[in-house]
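Colleague: I would like a close look at one part of this model, with the neighbouring features described in turn. Please keep it plain.

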Amino acid sequence: MTTSPTQYDQLVRETFLPQIGKIVEMIDMTAKDRYFRVELEKPLGHRPGQFVMVSILGLGEAPISISNGPTEENTLEMVIRRIGRLTQAIHELKVGDQMGIRGPYGSGFNMDDFYNHDVLFVAGGLGLVPLRSLITPVIAERGRFGEITLISGCRNPAEELYRNQLEAWTDAGIDIIRLVDSTENMPWEFGTGLVTDPIPKLAMDPERTIAALCGPPVMYKFVIKTLSARNVRDDQIFVDLERRMKCGVGKCGHCQINEIYCCQDGPVFRFSDLSGIPEALQ
């Protein structure tokens, strides 16, 4: 089918022109991570695991994970870490200020892959942010899943994200395992250790378990090795490579891994599709 000039113009506008988002809520989650709730001109229509490009006129844009589940509301939730000039400027915005939002981009998670299974989420640090976009709809349809477990780890108690949310999910009957690498003499009532540590002890049926992982790249190979030891197959493990994102539309080549463009083909992949590409998890 041939695309008419009018259709092409509309496609270009939807792909490259941001819509305006107005900040309606901001909460400091850690010393460098801030939660933003943004009101959009129209609903995103996103899937769990997708991302958006966030911009400030004159400063540039950056790929940011979507943290809320699919919704028909004109709402976008994100957690943005202050790590550079653009994100510093975003942190300096106030409620009522505006930012540019284009997207959503990426393949995301397919809920059909998770229905009628036990679900294991493994989040490392900021990886809890994109996984929340999947955890939220899973909990909303709790009856369509078996056992739901979340292993959430970070470096120390001061860096834990979504504390109130973790408590609410625990109250909802989800098995939450909260870990830090070290307490660093801070108050902490939960566990210490790596996110791989609890996996050998889980009451897990490998045939029924689907795992979703998001965190620093170094985490993946150890979690996958531990899951494989529990007989969880490669095609039952999904990894989120959101840290590789750059332009969002496959033009800059920053996220390219051999023939794969993470922003177009991912950022969510079955590990079975990456098992022959070791550099994907580096």
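What follows is one request about a single loop and one connected reply.

Colleague: Which parts does the salt bridge between E160 and R178 tie together, and is E160 buried or exposed? Please go on from there to other salt bridges, the cysteines, the unusual backbone angles and the surroundings of S133.

Modeller: The model is predicted, and every value below is computed from it. The side chains of E160 and R178 form a salt bridge, with 2.8 Å from N to O. E160 sits in the loop between β8 and α4, whereas R178 belongs to strand β9, which covers residues 175-180, so the pair ties together parts that are 18 residues apart in sequence. E160 is buried, because its relative accessible area is 2%, under the 20% cut-off. R178 is buried as well, at 9% relative accessibility. The pair also belongs to a network of salt bridges that links E160, R163 and R178.

The loop that holds E160 also holds Y162; this loop runs between β8 (148-154) and α4 (163-171). Y162 has a positive phi, near 55 degrees, although this residue is not a glycine. Its relative accessible area is 7%, so Y162 counts as buried.

Another salt bridge joins the side chains of E159 and R155, at 3.3 Å from N to O. Here R155 is partly exposed, with a relative accessible area of 46%. In the whole structure, the search finds 13 salt bridges. One of them pairs the side chains of D28 and R34, at 2.6 Å from N to O. The two partners fall into separate classes of accessibility: D28 is exposed at 52%, while R34 is buried at 16%.

The cysteines come next. C154 is buried, with a relative accessible area of 9%, and C214 is buried at 0% relative accessibility. The structure has zero disulfides. For reference, a disulfide is a covalent bond between the sulfur atoms of two cysteines.

Two further backbone features deserve a mention. The peptide bond that joins G103 and P104 is cis, with omega at about 10 degrees. P104 is part of strand β6, residues 98-105. After that strand, in the loop between β6 and β7 (118-124), lies N116. N116 has a positive phi of about 65 degrees and is not a glycine. With 59% relative accessibility, N116 is exposed, since the cut-off is over 50%.

S107 has a partner in space that is remote in sequence: S107 and D265 are 158 residues apart along the chain, yet their C-alpha atoms are 6.1 Å apart. D265 belongs to helix α6, residues 262-265, and is partly exposed at 41% relative accessibility.

The last stop is S133, in helix α3, which spans residues 128-140. S133 is buried, with a relative accessible area of 0%. A polar atom of the S133 side chain lies 2.9 Å from the backbone nitrogen of G49. Leaving out residues up to four places away in sequence, S133 touches P48, G49, I66, S67, N68, G69 and P70. G49 is thus named twice around S133, as the residue whose backbone nitrogen lies 2.9 Å from a polar side-chain atom and as one of the residues in contact.

Terms used. Residues are numbered from 1 along each chain as its sequence is written. This is a predicted model: local features need pLDDT of at least 70, side-chain atom pairs count only at pLDDT 80 or more; totals for chains, interfaces and linings use all residues. Side-chain values use heavy atoms; hydrogens and water are left out. Helices (H or I, at least four residues) and strands (E, at least two) are DSSP runs, numbered from the N terminus. Buried means under 20% relative accessible area, exposed over 50%, partly exposed in between (1.4 Å probe, protein chains only). A polar contact is a pair of N or O atoms within 3.5 Å; within protein, one must be able to donate a hydrogen and the other to accept it, and residues adjacent in sequence count only if both atoms are side-chain atoms. Contact means heavy atoms within 4.5 Å. A disulfide is a pair of cysteine sulfur atoms within 2.5 Å. A salt bridge is a side-chain nitrogen of Lys or Arg within 4 Å of a carboxyl oxygen of Asp or Glu.
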